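Before you go further with this model, I would ask you to read the following points beside the coordinates. They concern side-chain pairings, charged contacts and the protein surface.

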Amino acid sequence: MSQPRAPAGAPRADTWTFRVRFRRALARAARAVAIGGQVLLGWLAAIPSRLGDRLLAMNDAEAYWRDWQIIRTHGGLGRRYRDPQFGTLAECPKCRGAGVTADLPCLPCLGTGRVTLGR
C-alpha cells in the first residue's frame, strides 16, 4: 500500500517544520538583540557617573574623612557636600537670629544669632 498524498496546494511537512524553526530562531535572535541593546544603553548611561567619580575622587575622599554627606547631582557629574552638624544649629530664641539685643551682643548665642541644639 502506498501512503496517501497531500493535495497539490498543501505545504509539505518538512517545509512547515522549517518555517516553525526559523520563526523561533528569529524570535530568540530578536530577544538577544534587545538584551544586548539594554546592556549597551545601561553602560552608556553610566559613563557620566563614572566620569564624575574619577574627577571628584579627591573631594569625595576629603568629605568621607570629615564625615560629610555627599549628594550626587547632574547625573553624577556634580556633588553637593553637607556637614551634618549644620542640622544641630537653630535660631537663638532670645535675639531671634539677629545676634544683638538692645544694641549689645546677645549672650546666649555670643552674637552669632545661632545656638547649638543638644548642648
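1. A word on terms comes before the details: helices are DSSP runs of H or I with at least four residues, and they are numbered from the N terminus. In that sense L44 is found in helix α1, and the residue counts as partly exposed, with a relative accessible area of 40%. Please keep in mind throughout that this is a predicted model.

2. L44 also belongs to a nonpolar surface patch, which L40, L41, W43, L44 and I47 make together and which covers about 500 Å². Helix α1 supplies the largest share of this patch, namely four residues.

3. Helix α1, which spans residues 13-45, also carries both F18 and F22, and these two residues are four apart, or about one turn of the helix. The structure holds one aromatic pair. That pair is formed by F18 and F22, whose rings are stacked, with 6.1 Å from centre to centre and 20° between the planes. The stacked label applies because planes under 30 degrees apart are counted that way. As for the surroundings of the two rings, F18 is exposed at a relative accessible area of 56%, while F22 is partly exposed at 46%.

4. How many salt bridges does the model contain? The count comes to four, and the points below take up several of the residues involved.

5. One of the salt bridges joins the side chains of R72 and D53, with a distance of 3.0 Å from N to O. This pair links distant parts of the chain, since R72 sits in strand β1 (residues 69-73) and D53 in helix α2 (residues 47-55), 19 residues apart. D53 itself is partly exposed, with a relative accessible area of 27%.

6. A further salt bridge is formed between D60 and R79, whose closest N and O atoms are 3.2 Å apart. Because D60 lies in helix α3 (residues 57-65) and R79 in strand β2 (residues 78-82), the pair ties together parts of the chain that are 19 residues apart in sequence. Are the partners in this bridge buried or exposed? D60 is buried, at 10% relative accessibility, and R79 is likewise buried, with a relative accessible area of 14%; both receive that label because buried means under 20% relative accessible area.

7. The two bridges just described should be read together, since D53, D60, R72 and R79 are linked in a network of salt bridges. Which residues does D60 contact once its neighbours within four places in sequence are left aside? With that exclusion, D60 is in contact with I70, R79 and Y81, so that R79 appears both among its contacts and as its salt-bridge partner.

8. E62 and R66 provide another charged pair, and their side chains meet in a salt bridge at 2.9 Å, N to O. Here E62 is partly exposed, with a relative accessible area of 39%, and R66 is also partly exposed, with a relative accessible area of 40%. When you inspect this region, it may help to set that pair beside the bridge between D60 and R79, where D60 is buried and R79 is buried as well.

Conventions
Residues numbered from 1 in each chain as written. Predicted model: local features only at pLDDT ≥ 70, side-chain atom pairs only at ≥ 80, totals over all residues. Heavy atoms only, no water. Phe/Tyr/Trp six-rings, centres within 6.5 Å; stacked < 30°, edge-to-face > 60°. Buried < 20%, exposed > 50% of the residue type's maximum accessible area, 1.4 Å probe, protein only. Contact = heavy atoms within 4.5 Å. Patch = residues over 30% accessible without salt bridge, like charges linked within 9 Å, V, L, I, M, F, W, Y side chains within 5 Å. Areas by Shrake-Rupley, 256 points an atom, 1.4 Å probe, with all protein chains shown as cover.
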